Amino acid sequence: MEYDEKLARFRQVHLNPFNKQQHEQGAGEEAPDITSQARLPELPPGEPEFRCPERVMDLGLSEDHFARPVGLFLASDVQQLRQAIQECKQVILDLPEHSEKQKDAVVRLIHLRLKLQELKDPNEDEPNIRVLLEHRFYKEKSKSVKQTCDKCNTVIWGLIQTWYTCTGCYYRCHSKCLNLISKPCVRSKVSHQAEYELNICPEAGLDSQDYRCAECRAPISLRGVPSEARQCDYTGQYYCSHCHWNDLAVIPARVVHNWDFEPRKVSRGSMRYLALMMSRPVLRLREINPLLFNYVEELVEIRLRQDILLMKPYFITCREAMAARLLLQLQDRQHFVENDEMYSVQDLLDTHTGRLGCSLAETHTLFAKHIKLDCERCQAKGFVCELCREGDVLFPFDSHTSVCADCSAVFHRDCYYDNSTTCPRCARLTLRKQSLFREPGPDLDA
(Lines give C-alpha, C1' and ligand atoms only; values in the text may rest on other atoms or scores of the structure.)
Protein backbone atom coordinates (compact mmCIF):
# COMPACT_ATOMS: atom_id res chain seq x y z
CA MET A 1 0.00 0.00 0.00
CA GLU A 2 2.83 2.40 0.73
CA TYR A 3 4.08 2.04 -2.85
CA ASP A 4 0.63 2.80 -4.32
CA GLU A 5 0.29 5.89 -2.14
CA LYS A 6 3.71 7.17 -3.26
CA LEU A 7 2.85 6.58 -6.93
CA ALA A 8 -0.48 8.40 -6.62
CA ARG A 9 1.18 11.32 -4.82
CA PHE A 10 3.84 11.54 -7.57
CA ARG A 11 1.25 11.59 -10.35
CA GLN A 12 -0.83 14.31 -8.66
CA VAL A 13 2.03 16.61 -7.65
CA HIS A 14 4.10 16.49 -10.85
CA LEU A 15 3.14 17.44 -14.34
CA ASN A 16 2.51 14.65 -16.86
CA PRO A 17 5.04 15.32 -19.66
CA PHE A 18 2.70 13.89 -22.29
CA ASN A 19 -0.24 16.05 -21.35
CA LYS A 20 0.10 18.82 -23.92
CA GLN A 21 -3.08 20.65 -22.91
CA GLN A 22 -1.42 22.03 -19.78
CA HIS A 23 1.39 23.51 -21.93
CA GLU A 24 -1.00 25.13 -24.42
CA GLN A 25 -2.90 27.25 -21.92
CA GLY A 26 -3.27 30.92 -22.73
CA ALA A 27 -1.23 33.61 -21.11
CA GLY A 28 -4.28 35.10 -19.30
CA GLU A 29 -5.42 31.80 -17.91
CA GLU A 30 -4.12 30.57 -14.65
CA ALA A 31 -3.03 27.07 -14.08
CA PRO A 32 -4.96 25.13 -11.50
CA ASP A 33 -3.49 25.30 -8.08
CA ILE A 34 -2.26 21.91 -7.29
CA THR A 35 -1.75 22.81 -3.68
CA SER A 36 -5.48 23.75 -3.40
CA GLN A 37 -6.49 20.19 -3.99
CA ALA A 38 -7.25 17.82 -1.22
CA ARG A 39 -4.37 17.42 1.05
CA LEU A 40 -2.52 14.16 0.64
CA PRO A 41 -1.81 11.89 3.50
CA GLU A 42 1.34 12.84 5.28
CA LEU A 43 4.45 10.78 4.71
CA PRO A 44 5.83 8.68 7.44
CA PRO A 45 8.84 10.22 9.14
CA GLY A 46 12.09 9.54 7.32
CA GLU A 47 10.51 9.11 3.84
CA PRO A 48 11.73 11.50 1.06
CA GLU A 49 9.13 13.89 -0.31
CA PHE A 50 8.81 14.21 -4.12
CA ARG A 51 8.16 17.91 -4.55
CA CYS A 52 9.35 20.19 -7.30
CA PRO A 53 7.48 23.54 -6.77
CA GLU A 54 9.61 25.73 -9.05
CA ARG A 55 10.25 23.60 -12.19
CA VAL A 56 8.84 20.61 -13.93
CA MET A 57 10.80 17.45 -13.36
CA ASP A 58 13.10 16.70 -16.37
CA LEU A 59 11.90 13.43 -17.82
CA GLY A 60 13.67 13.89 -21.14
CA LEU A 61 11.36 16.43 -22.71
CA SER A 62 14.34 18.39 -24.01
CA GLU A 63 15.31 15.37 -26.10
CA ASP A 64 13.28 14.30 -29.11
CA HIS A 65 12.46 10.70 -28.28
CA PHE A 66 10.37 10.34 -31.41
CA ALA A 67 13.21 11.33 -33.73
CA ARG A 68 14.83 8.71 -35.95
CA PRO A 69 17.79 6.90 -34.35
CA VAL A 70 21.27 7.85 -35.41
CA GLY A 71 22.13 6.15 -38.66
CA LEU A 72 18.55 5.38 -39.67
CA PHE A 73 17.82 6.98 -43.02
CA LEU A 74 14.43 6.30 -44.52
CA ALA A 75 15.13 7.68 -47.97
CA SER A 76 15.12 5.12 -50.73
CA ASP A 77 16.64 7.34 -53.39
CA VAL A 78 20.34 6.86 -54.01
CA GLN A 79 20.74 10.53 -54.86
CA GLN A 80 19.28 11.59 -51.51
CA LEU A 81 21.60 9.22 -49.69
CA ARG A 82 24.61 10.65 -51.47
CA GLN A 83 23.52 14.17 -50.59
CA ALA A 84 23.07 13.16 -46.96
CA ILE A 85 26.56 11.62 -46.95
CA GLN A 86 28.09 14.86 -48.25
CA GLU A 87 26.25 16.90 -45.62
CA CYS A 88 27.37 14.50 -42.91
CA LYS A 89 30.97 14.83 -44.06
CA GLN A 90 30.74 18.62 -43.83
CA VAL A 91 29.26 18.37 -40.33
CA ILE A 92 32.16 16.15 -39.24
CA LEU A 93 34.66 18.71 -40.52
CA ASP A 94 32.90 21.58 -38.73
CA LEU A 95 32.62 19.86 -35.35
CA PRO A 96 35.53 19.99 -32.86
CA GLU A 97 37.95 17.10 -33.16
CA HIS A 98 37.63 14.12 -30.80
CA SER A 99 34.33 15.42 -29.49
CA GLU A 100 31.35 13.23 -28.72
CA LYS A 101 29.23 14.94 -31.36
CA GLN A 102 31.87 14.30 -34.00
CA LYS A 103 31.99 10.61 -33.01
CA ASP A 104 28.21 10.37 -33.33
CA ALA A 105 28.39 12.02 -36.74
CA VAL A 106 31.01 9.49 -37.88
CA VAL A 107 28.74 6.63 -36.78
CA ARG A 108 25.90 8.21 -38.73
CA LEU A 109 28.13 8.50 -41.81
CA ILE A 110 28.99 4.80 -41.60
CA HIS A 111 25.31 3.86 -41.44
CA LEU A 112 24.53 6.07 -44.41
CA ARG A 113 27.27 4.48 -46.49
CA LEU A 114 26.11 0.98 -45.59
CA LYS A 115 22.58 1.92 -46.55
CA LEU A 116 23.80 3.27 -49.87
CA GLN A 117 25.75 0.09 -50.57
CA GLU A 118 22.71 -1.99 -49.66
CA LEU A 119 20.59 -0.11 -52.19
CA LYS A 120 23.21 -0.68 -54.87
CA ASP A 121 23.45 -4.42 -54.10
CA PRO A 122 20.12 -5.66 -52.69
CA ASN A 123 20.17 -8.92 -50.77
CA GLU A 124 18.17 -11.13 -53.10
CA ASP A 125 17.54 -14.83 -52.94
CA GLU A 126 20.21 -16.07 -55.31
CA PRO A 127 21.32 -19.62 -56.14
CA ASN A 128 24.20 -21.12 -54.22
CA ILE A 129 26.06 -22.33 -57.34
CA ARG A 130 26.37 -20.55 -60.67
CA VAL A 131 28.38 -21.66 -63.72
CA LEU A 132 29.77 -18.97 -66.01
CA LEU A 133 32.69 -19.08 -68.50
CA GLU A 134 33.82 -22.42 -67.02
CA HIS A 135 33.83 -20.79 -63.57
CA ARG A 136 31.93 -22.67 -60.90
CA PHE A 137 30.89 -19.94 -58.49
CA TYR A 138 29.83 -20.87 -54.98
CA LYS A 139 27.87 -18.46 -52.83
CA GLU A 140 29.90 -17.51 -49.77
CA LYS A 141 28.36 -17.48 -46.31
CA SER A 142 31.18 -15.73 -44.46
CA LYS A 143 30.18 -12.26 -43.25
CA SER A 144 33.29 -11.17 -41.36
CA VAL A 145 36.08 -11.78 -43.89
CA LYS A 146 37.13 -8.70 -45.85
CA GLN A 147 37.75 -9.47 -49.53
CA THR A 148 38.26 -7.52 -52.74
CA CYS A 149 36.18 -7.99 -55.86
CA ASP A 150 38.34 -9.14 -58.79
CA LYS A 151 35.99 -7.48 -61.29
CA CYS A 152 35.32 -3.98 -59.95
CA ASN A 153 38.38 -3.82 -57.66
CA THR A 154 36.32 -2.63 -54.67
CA VAL A 155 35.84 -4.01 -51.16
CA ILE A 156 33.29 -6.76 -50.61
CA TRP A 157 31.26 -5.99 -47.49
CA GLY A 158 30.22 -9.49 -46.52
CA LEU A 159 27.84 -8.22 -43.86
CA ILE A 160 25.41 -6.71 -46.33
CA GLN A 161 26.58 -7.92 -49.76
CA THR A 162 26.28 -11.23 -51.55
CA TRP A 163 29.50 -12.51 -53.11
CA TYR A 164 30.74 -15.60 -54.91
CA THR A 165 34.02 -17.51 -55.15
CA CYS A 166 35.06 -19.80 -58.02
CA THR A 167 35.95 -23.22 -56.65
CA GLY A 168 38.49 -23.71 -59.44
CA CYS A 169 40.57 -20.54 -59.60
CA TYR A 170 39.30 -18.73 -56.45
CA TYR A 171 38.02 -15.74 -58.44
CA ARG A 172 35.94 -13.53 -56.09
CA CYS A 173 33.32 -11.01 -57.08
CA HIS A 174 30.05 -9.37 -56.05
CA SER A 175 26.81 -10.97 -57.13
CA LYS A 176 26.11 -7.83 -59.21
CA CYS A 177 29.43 -8.31 -61.04
CA LEU A 178 28.82 -11.91 -62.11
CA ASN A 179 27.23 -11.06 -65.44
CA LEU A 180 30.06 -8.62 -66.24
CA ILE A 181 32.85 -11.21 -66.01
CA SER A 182 34.79 -11.73 -69.25
CA LYS A 183 37.74 -13.79 -67.96
CA PRO A 184 37.45 -17.58 -68.31
CA CYS A 185 38.42 -19.85 -65.45
CA VAL A 186 42.18 -20.47 -65.23
CA ARG A 187 41.52 -24.02 -64.02
CA SER A 188 40.42 -25.02 -67.50
CA LYS A 189 43.72 -23.81 -68.94
CA VAL A 190 45.62 -25.80 -66.34
CA SER A 191 43.61 -28.92 -67.18
CA HIS A 192 44.01 -28.67 -70.97
CA GLN A 193 47.45 -27.05 -71.32
CA ALA A 194 49.60 -27.58 -68.23
CA GLU A 195 52.89 -26.04 -69.26
CA TYR A 196 55.04 -23.05 -68.33
CA GLU A 197 56.43 -20.17 -70.30
CA LEU A 198 60.15 -20.94 -69.99
CA ASN A 199 61.45 -17.76 -71.61
CA ILE A 200 62.44 -15.10 -69.10
CA CYS A 201 60.02 -12.16 -69.42
CA PRO A 202 59.37 -12.43 -73.19
CA GLU A 203 58.58 -8.76 -73.78
CA ALA A 204 57.33 -7.76 -77.22
CA GLY A 205 56.64 -4.09 -76.52
CA LEU A 206 53.55 -2.06 -75.76
CA ASP A 207 53.06 -1.15 -79.42
CA SER A 208 52.56 -4.83 -80.28
CA GLN A 209 49.52 -4.74 -77.96
CA ASP A 210 48.15 -1.63 -79.69
CA TYR A 211 48.61 0.22 -76.38
CA ARG A 212 45.85 -1.81 -74.80
CA CYS A 213 45.66 -4.16 -71.82
CA ALA A 214 46.52 -7.72 -72.80
CA GLU A 215 43.48 -9.04 -70.94
CA CYS A 216 40.59 -6.56 -70.95
CA ARG A 217 41.84 -4.45 -73.90
CA ALA A 218 41.47 -1.18 -72.00
CA PRO A 219 43.66 1.73 -73.23
CA ILE A 220 46.97 1.97 -71.30
CA SER A 221 50.23 3.90 -71.57
CA LEU A 222 53.54 4.18 -69.75
CA ARG A 223 52.66 7.75 -68.71
CA GLY A 224 49.62 6.55 -66.79
CA VAL A 225 47.07 8.26 -69.04
CA PRO A 226 44.34 7.06 -69.18
CA SER A 227 45.62 4.06 -67.20
CA GLU A 228 49.05 2.93 -66.04
CA ALA A 229 50.70 0.12 -68.02
CA ARG A 230 52.05 -2.58 -65.68
CA GLN A 231 54.26 -5.35 -66.98
CA CYS A 232 53.84 -8.98 -65.94
CA ASP A 233 57.22 -10.63 -65.42
CA TYR A 234 55.81 -14.04 -66.35
CA THR A 235 54.15 -13.30 -69.69
CA GLY A 236 56.11 -10.14 -70.52
CA GLN A 237 52.88 -8.37 -71.51
CA TYR A 238 51.39 -5.15 -70.18
CA TYR A 239 48.15 -4.86 -68.23
CA CYS A 240 45.95 -2.15 -66.75
CA SER A 241 45.61 -1.51 -63.02
CA HIS A 242 42.37 -3.55 -62.85
CA CYS A 243 44.07 -6.67 -64.28
CA HIS A 244 47.47 -6.17 -62.59
CA TRP A 245 47.48 -5.57 -58.82
CA ASN A 246 51.27 -5.85 -58.41
CA ASP A 247 50.96 -9.33 -56.94
CA LEU A 248 54.24 -11.18 -56.37
CA ALA A 249 55.03 -14.73 -57.53
CA VAL A 250 58.04 -16.95 -58.23
CA ILE A 251 58.78 -17.13 -61.96
CA PRO A 252 59.47 -20.73 -63.18
CA ALA A 253 61.68 -19.59 -66.08
CA ARG A 254 64.03 -17.76 -63.72
CA VAL A 255 64.16 -20.81 -61.45
CA VAL A 256 65.13 -23.40 -64.06
CA HIS A 257 67.62 -21.14 -65.83
CA ASN A 258 69.14 -19.02 -63.06
CA TRP A 259 68.02 -20.76 -59.84
CA ASP A 260 66.39 -17.43 -58.92
CA PHE A 261 63.48 -17.61 -56.48
CA GLU A 262 62.92 -13.89 -55.94
CA PRO A 263 59.18 -13.07 -56.30
CA ARG A 264 58.33 -10.60 -59.04
CA LYS A 265 55.24 -8.67 -60.07
CA VAL A 266 52.69 -10.54 -62.14
CA SER A 267 49.14 -9.96 -63.32
CA ARG A 268 46.10 -11.42 -61.57
CA GLY A 269 45.59 -14.06 -64.24
CA SER A 270 49.23 -15.12 -64.15
CA MET A 271 49.18 -15.25 -60.36
CA ARG A 272 46.20 -17.63 -60.34
CA TYR A 273 47.76 -19.78 -63.07
CA LEU A 274 51.10 -20.03 -61.26
CA ALA A 275 49.33 -20.81 -57.97
CA LEU A 276 47.39 -23.67 -59.55
CA MET A 277 50.50 -24.98 -61.32
CA MET A 278 52.71 -24.74 -58.24
CA SER A 279 52.48 -28.43 -57.29
CA ARG A 280 52.11 -29.93 -60.77
CA PRO A 281 55.17 -31.93 -61.92
CA VAL A 282 55.61 -30.62 -65.47
CA LEU A 283 59.31 -29.65 -65.50
CA ARG A 284 61.83 -32.06 -67.04
CA LEU A 285 64.78 -30.39 -65.42
CA ARG A 286 67.49 -32.54 -67.03
CA GLU A 287 66.18 -31.72 -70.49
CA ILE A 288 65.61 -28.02 -69.88
CA ASN A 289 68.90 -27.25 -68.09
CA PRO A 290 71.11 -30.32 -67.44
CA LEU A 291 74.03 -28.16 -66.23
CA LEU A 292 71.96 -27.02 -63.27
CA PHE A 293 72.79 -30.26 -61.41
CA ASN A 294 76.51 -29.47 -61.65
CA TYR A 295 76.23 -26.06 -60.01
CA VAL A 296 73.43 -26.46 -57.47
CA GLU A 297 74.44 -28.62 -54.52
CA GLU A 298 70.90 -28.92 -53.19
CA LEU A 299 69.82 -30.87 -56.26
CA VAL A 300 72.30 -33.64 -55.41
CA GLU A 301 70.30 -34.47 -52.29
CA ILE A 302 67.19 -35.11 -54.36
CA ARG A 303 68.88 -38.09 -56.01
CA LEU A 304 67.37 -40.11 -53.18
CA ARG A 305 64.34 -40.19 -55.48
CA GLN A 306 66.13 -42.85 -57.52
CA ASP A 307 66.54 -45.02 -54.42
CA ILE A 308 62.86 -44.66 -53.59
CA LEU A 309 61.96 -45.90 -57.06
CA LEU A 310 64.16 -48.96 -56.45
CA MET A 311 62.36 -49.59 -53.14
CA LYS A 312 58.91 -49.42 -54.70
CA PRO A 313 58.89 -53.04 -56.06
CA TYR A 314 59.61 -54.32 -52.54
CA PHE A 315 56.59 -52.52 -51.10
CA ILE A 316 54.22 -53.55 -53.89
CA THR A 317 54.91 -57.26 -53.25
CA CYS A 318 55.01 -57.01 -49.44
CA ARG A 319 51.79 -57.51 -47.50
CA GLU A 320 53.09 -55.79 -44.39
CA ALA A 321 54.17 -52.74 -46.35
CA MET A 322 50.81 -52.54 -48.11
CA ALA A 323 48.98 -52.88 -44.78
CA ALA A 324 51.14 -50.14 -43.24
CA ARG A 325 50.69 -47.99 -46.40
CA LEU A 326 54.27 -46.91 -46.43
CA LEU A 327 54.03 -45.42 -49.90
CA LEU A 328 51.50 -42.90 -48.56
CA GLN A 329 54.41 -41.15 -46.89
CA LEU A 330 54.85 -39.49 -50.30
CA GLN A 331 51.19 -38.84 -51.07
CA ASP A 332 51.88 -35.11 -51.40
CA ARG A 333 54.54 -35.86 -54.03
CA GLN A 334 53.06 -38.85 -55.82
CA HIS A 335 55.32 -38.33 -58.82
CA PHE A 336 58.30 -39.32 -56.68
CA VAL A 337 57.16 -42.96 -56.79
CA GLU A 338 56.42 -42.84 -60.52
CA ASN A 339 59.59 -41.36 -62.06
CA ASP A 340 62.69 -39.38 -61.19
CA GLU A 341 62.58 -36.90 -64.06
CA MET A 342 59.59 -34.66 -63.41
CA TYR A 343 59.73 -31.74 -60.98
CA SER A 344 57.27 -29.13 -59.83
CA VAL A 345 58.05 -25.56 -58.87
CA GLN A 346 57.12 -26.45 -55.30
CA ASP A 347 59.74 -29.24 -55.36
CA LEU A 348 62.44 -26.82 -56.48
CA LEU A 349 61.33 -24.21 -53.94
CA ASP A 350 61.46 -26.76 -51.10
CA THR A 351 64.84 -27.92 -52.36
CA HIS A 352 66.12 -24.35 -52.24
CA THR A 353 64.93 -23.91 -48.64
CA GLY A 354 66.24 -27.35 -47.58
CA ARG A 355 62.89 -28.81 -46.54
CA LEU A 356 62.71 -31.37 -49.34
CA GLY A 357 66.16 -32.79 -48.60
CA CYS A 358 65.29 -33.41 -44.94
CA SER A 359 61.91 -34.91 -45.82
CA LEU A 360 63.40 -37.28 -48.40
CA ALA A 361 66.15 -38.37 -45.98
CA GLU A 362 63.57 -39.30 -43.33
CA THR A 363 61.42 -41.18 -45.84
CA HIS A 364 64.47 -43.00 -47.24
CA THR A 365 65.52 -44.10 -43.74
CA LEU A 366 62.02 -45.37 -42.95
CA PHE A 367 61.77 -47.36 -46.18
CA ALA A 368 65.26 -48.87 -45.84
CA LYS A 369 64.58 -49.89 -42.24
CA HIS A 370 61.51 -51.85 -43.29
CA ILE A 371 63.28 -53.67 -46.11
CA LYS A 372 66.59 -54.47 -44.39
CA LEU A 373 65.56 -54.94 -40.74
CA ASP A 374 61.82 -55.21 -40.07
CA CYS A 375 60.49 -57.45 -42.85
CA GLU A 376 61.84 -60.96 -43.47
CA ARG A 377 60.15 -61.24 -46.86
CA CYS A 378 61.89 -58.12 -48.10
CA GLN A 379 65.22 -59.29 -46.68
CA ALA A 380 64.89 -62.55 -48.64
CA LYS A 381 64.77 -60.52 -51.87
CA GLY A 382 68.32 -59.27 -51.43
CA PHE A 383 71.27 -60.03 -53.74
CA VAL A 384 74.70 -61.58 -53.42
CA CYS A 385 77.54 -60.21 -55.48
CA GLU A 386 78.19 -62.83 -58.17
CA LEU A 387 81.64 -61.45 -58.90
CA CYS A 388 83.22 -61.87 -55.46
CA ARG A 389 80.49 -63.86 -53.65
CA GLU A 390 81.53 -62.24 -50.40
CA GLY A 391 80.07 -59.75 -47.99
CA ASP A 392 76.54 -59.13 -46.74
CA VAL A 393 73.27 -59.23 -48.61
CA LEU A 394 73.07 -56.39 -51.12
CA PHE A 395 70.14 -54.21 -52.10
CA PRO A 396 69.91 -52.02 -55.21
CA PHE A 397 69.45 -48.84 -53.18
CA ASP A 398 72.65 -49.26 -51.15
CA SER A 399 75.24 -46.57 -51.70
CA HIS A 400 78.12 -49.03 -52.32
CA THR A 401 76.37 -51.13 -54.98
CA SER A 402 75.90 -51.02 -58.73
CA VAL A 403 72.94 -52.34 -60.67
CA CYS A 404 73.13 -53.92 -64.11
CA ALA A 405 70.99 -51.94 -66.51
CA ASP A 406 69.95 -55.06 -68.47
CA CYS A 407 69.10 -57.70 -65.84
CA SER A 408 68.96 -55.55 -62.66
CA ALA A 409 71.53 -57.74 -60.90
CA VAL A 410 73.29 -56.10 -57.93
CA PHE A 411 77.07 -56.13 -57.40
CA HIS A 412 79.61 -54.36 -55.27
CA ARG A 413 80.55 -51.16 -57.00
CA ASP A 414 84.24 -51.91 -56.77
CA CYS A 415 83.78 -55.42 -58.15
CA TYR A 416 81.60 -54.24 -61.01
CA TYR A 417 84.00 -51.56 -62.25
CA ASP A 418 87.18 -53.61 -61.66
CA ASN A 419 85.96 -56.38 -63.95
CA SER A 420 86.02 -55.38 -67.58
CA THR A 421 83.84 -58.35 -68.47
CA THR A 422 80.09 -58.10 -68.84
CA CYS A 423 77.60 -58.98 -66.17
CA PRO A 424 77.78 -62.74 -65.30
CA ARG A 425 74.01 -63.06 -65.20
CA CYS A 426 73.64 -61.45 -68.58
CA ALA A 427 76.28 -63.80 -69.98
CA ARG A 428 74.42 -66.85 -68.69
CA LEU A 429 71.18 -65.60 -70.11
CA THR A 430 72.82 -65.10 -73.47
CA LEU A 431 74.16 -68.67 -73.48
CA ARG A 432 70.76 -70.08 -72.60
CA LYS A 433 69.13 -68.20 -75.46
CA GLN A 434 71.75 -69.48 -77.87
CA SER A 435 71.23 -73.05 -76.74
CA LEU A 436 67.48 -72.82 -77.07
CA PHE A 437 67.50 -71.31 -80.54
CA ARG A 438 70.41 -73.40 -81.89
CA GLU A 439 69.58 -75.07 -85.18
CA PRO A 440 69.22 -78.88 -84.97
CA GLY A 441 71.84 -81.07 -86.76
CA PRO A 442 71.18 -83.33 -89.80
CA ASP A 443 69.14 -86.49 -89.29
CA LEU A 444 71.56 -89.44 -89.81
CA ASP A 445 68.81 -92.09 -90.02
CA ALA A 446 67.44 -90.38 -93.04
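**Group meeting: strands, a helix and some empty space**

Hi everyone, let me start with a strand pairing: β2 and strand β5, residues 163–166, run antiparallel to each other and share 3 bridges. One of the residue pairs here joins Tyr138 to its bridge partner in β5, Thr165. Before I go on, please keep in mind that this is a predicted model.

Let's stay with β2 for a moment. Strand β2 covers residues 135–139, and its two faces are not alike: His135, Phe137 and Lys139 form the covered face, while Arg136 and Tyr138 form the uncovered one. So much for β5; what else does β2 pair with? The partner is strand β1, residues 129–132, again in the antiparallel sense, over 4 bridges. Tyr138 turns up here as well, as the bridge partner of Ile129. That puts Tyr138 in bridges to Ile129 and to Thr165. The hairpin of β1 and β2 has 2 residues between the strands, and in that hairpin Leu133 takes a positive phi near 50°.

Now a step back to the whole protein. There are 446 residues, and buried ones make up 35% of them. The secondary structure comes to 16 helices and 14 strands. If you take contacts between residues at least 6 apart in sequence, 58% of them join residues at least 24 apart.

Next, a helix I enjoyed looking at. Helix α13 takes in residues 355–374, which is 20 residues, and spans 27 Å from its first C-alpha to its last, close to the 28 Å expected at 1.5 Å a residue. Which residues of α13 are buried? They are Leu356, Gly357, Leu360, Thr363, His364, Phe367, Ala368, His370 and Ile371. And what do these buried residues pack against? Five helices, as it happens: α9 (298–301), α10 (304–316), α11 (319–324), α12 (345–353) and α14 (376–379).

A quick stop at a single loop residue. Ser227 sits in the loop between α4 (186–192) and β7 (230–231). Is Ser227 buried or exposed? Its relative accessible area is 14%, and the cut-off for buried is under 20%, so Ser227 counts as buried. Setting aside neighbours within four places in sequence, Ser227 is in contact with Pro219, Ile220, Ser221, Cys240 and Ser241.

Finally, the empty space, which I suspect some of you were waiting for. The second largest pocket holds about 460 Å³. Its lining has 24 residues, and those nearest the centre are Val186, Lys189, Gly269, Ser270 and Tyr273. Both α4 and α6 (268–277) supply at least two lining residues each, and α6 gives the largest share, 4 residues. By class, this pocket's lining splits into 9 nonpolar, 9 polar and 6 charged residues.

How many cavities of 30 Å³ or more does a search of the whole structure find? The answer is 1. The largest cavity contains about 50 Å³ of space. Around the largest cavity we have Arg286, Phe293, Leu299, Ile302, Arg303, Arg305, Gln306, Asp340 and Tyr343. Sorted by class, that lining has 4 nonpolar residues, 1 polar and 4 charged.

That's my tour, thanks for listening!

Conventions:
Residues numbered from 1 in each chain as written. Predicted model: local features only at pLDDT ≥ 70, side-chain atom pairs only at ≥ 80, totals over all residues. Heavy atoms only, no water. Expected span 1.5 Å × (residues − 1). Buried < 20%, exposed > 50% of the residue type's maximum accessible area, 1.4 Å probe, protein only. Contact = heavy atoms within 4.5 Å. Pairing = 2+ DSSP bridges. 1 Å grid on protein atoms, 1.4 Å probe; cavity = no way out; pocket = protein on both sides within 12 Å on 5 of 7 lines; lining within 4 Å. Points joined across faces, edges and corners; volume = space filled by probe spheres on them. Nonpolar A, V, L, I, M, F, W, Y, C, P; charged D, E, K, R; others polar.
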